Amino acid sequence: MSVTETVTRNQATTQQKCLLVANQQTDPLANFPEYLSYKCKREDGTELQLALKCTRKAETDPKVIKWAFKLAERNVGPQYRACSLGWQPKIKQADLNKTWARYLVATEVATKKPVAYTMFRFDLDYGRSVLYCYELQVESEYQRKGLGAFMMKALERMAQHFSMERVVLTVLKNNEDGMRFYQRLGYEVDEMSPGKEENAAYEIMSKSMM
Ligand SMILES: CC(C)(COP(=O)(O)OP(=O)(O)OC[C@H]1O[C@@H](n2cnc3c(N)ncnc32)[C@H](O)[C@@H]1OP(=O)(O)O)[C@@H](O)C(=O)NCCC(=O)NCCS
């Protein structure tokens, strides 16, 4: 076996070990109490307190998953309908109910109402160990308060802790606010993103955690 092959094989083993450890965690955010709460201001200037919780799909309240679907439909349904993908509710529902899905949900402490979520998993993506963020949705009245950025930071903290190489996500090209949001957080078009000639409706973006 060549030196390159040995190095590649060792890397693969290390990646697989890291993924195994990450995927064994019931709550990968448990070690980071600084990400379990978030405070910001309401429009009227009063304080808004949010509690964050990370769960596997199996431990996530099915009502929360139904709400997650409805929120995705409200937030990005119009962009899906406006592009070649179209809005496919059955597929979105099935995706949100995958057994491997992990949820990070922000709930308003005063009302116990969920207001934002991200759905993600630790995975091997084209040979890279990644935290793949499948959804990030914030209720409209809670947007532009730093919550989305805070939740992405929480994902990045977990990715770093469990030695994932990158955080990867997809965003529709017609979602200009979403694109700008991720760019501001340091995300760039991923090498695996479809090329211009493919004329895809989405872009894959990623950020190195190494
Ligand atoms: C995109 C999204 C996830 C961002 O979450 P968010 O909580 O609104 O984001 P943040 O508040 O952290 O940052 C958003 C913007 O608000 C600004 N902002 C942050 N705190 C702010 C504050 N206190 N007051 C005013 N603006 C603020 C940020 O600078 C940022 O500006 P930018 O978009 O020009 O970069 C959210 O708006 C959303 O759910 N949108 C609809 C669904 C969507 O597009 N999801 C992502 C792709 S699938």
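A residue is called buried under 20% relative accessible area, exposed over 50% and partly exposed in between, with a 1.4 Å probe and protein chains only. The model is predicted, so local features need pLDDT of at least 70 and side-chain atom pairs count only at pLDDT 80 or more, while totals for chains, interfaces and linings use all residues. Residues are numbered from 1 along each chain as its sequence is written, and side-chain values use heavy atoms, with hydrogens and water left out.

**Exercise 1. The chain as a whole**

Describe the burial, the secondary structure and the dimensions of the protein chain.

Step 1. Buried residues make up 46% of the 210 residues in the protein chain.

Step 2. Helices (H or I, at least four residues) and strands (E, at least two) are DSSP runs, numbered from the N terminus. By this count the protein chain has five helices and eight strands. Their order from the N terminus is α-β-β-α-α-β-β-β-α-β-α-β-β. The radius of gyration is 18 Å, close to the 17 Å that the globule rule gives for 210 residues, so the protein chain is as compact as a globular protein of that length. That radius is taken over C-alpha atoms, and the rule is 2.2 Å times the number of residues to the power 0.38.

Step 3. Along the principal axes, the C-alpha atoms fill a box of roughly 65 × 45 × 30 Å.

Step 4. A contact means heavy atoms within 4.5 Å. Of the contacts between residues at least 6 apart in sequence, 64% join residues at least 24 apart.

Step 5. The accessible surface is about 11,700 Å², and 51% of this belongs to carbon and sulfur atoms. Accessible areas come from the Shrake-Rupley method with a 1.4 Å probe; for residues, only the protein chains shown count as cover.

**Exercise 2. Two residues in strands**

Lys39 and Phe120: which is buried and which is exposed?

Step 1. Lys39 is found in strand 1 (residues 37-41), and Phe120 in strand 4.

Step 2. Lys39 counts as exposed because its relative accessibility is 52%. Phe120 is buried, because its relative accessible area is 0%.

Step 3. Not counting residues up to four places away in sequence, Lys39 touches Glu47, Leu48 and Gln49. With that exclusion, the residues that Phe120 touches include Cys54, Trp100, Tyr103, Leu131, Tyr134 and Met158.

Step 4. Lys39 and Gln24 are 15 residues apart in sequence, and their C-alpha atoms are 30 Å apart.

**Exercise 3. The largest pocket**

Find the volume of the largest pocket and the residues closest to its centre.

Step 1. On a 1 Å grid over the protein atoms alone, a pocket is an open set of points where a 1.4 Å probe fits, with protein on both sides within 12 Å along at least five of seven lines; lining residues have an atom within 4 Å of a point. Grid points are joined across faces, edges and corners, and a volume is the space filled by probe spheres set on the points.

Step 2. The volume of the largest pocket is about 1,500 Å³. Its lining has 48 residues, of which Val76, Leu136, Val171, Asn175 and Tyr182 are the closest to the centre.

Step 3. Elements that give two or more residues to this lining include helix 2 (62-81), strand 5 (128-138) and helix 5 (176-184). The largest share, seven residues, comes from strand 5.

Step 4. The lining of the largest pocket divides into 27 nonpolar, eleven polar and ten charged residues. Here Ala, Val, Leu, Ile, Met, Phe, Trp, Tyr, Cys and Pro count as nonpolar, Asp, Glu, Lys and Arg as charged, and the others, Gly among them, as polar.

**Exercise 4. The second largest pocket and two loops**

Which residues line the second largest pocket?

Step 1. The residues are Ala51, Lys53, Thr55, Glu59, Thr60, Asp61, Val64, Val105, Thr107, Lys112 and Pro114. The second largest pocket has a volume of about 270 Å³.

Step 2. Strand 2 gives the most to this lining, with three residues.

Step 3. Thr60 lies in the loop between strand 2 and helix 2. Thr60 is buried, because its relative accessible area is 8%. Its C-alpha is 9.7 Å from that of Leu104, 44 residues away in sequence.

Step 4. Lys112 lies in the loop between strand 3 and strand 4. Lys112 is exposed, because its relative accessible area is 68%. Although Lys112 is not a glycine, it has a positive phi of about 65°.
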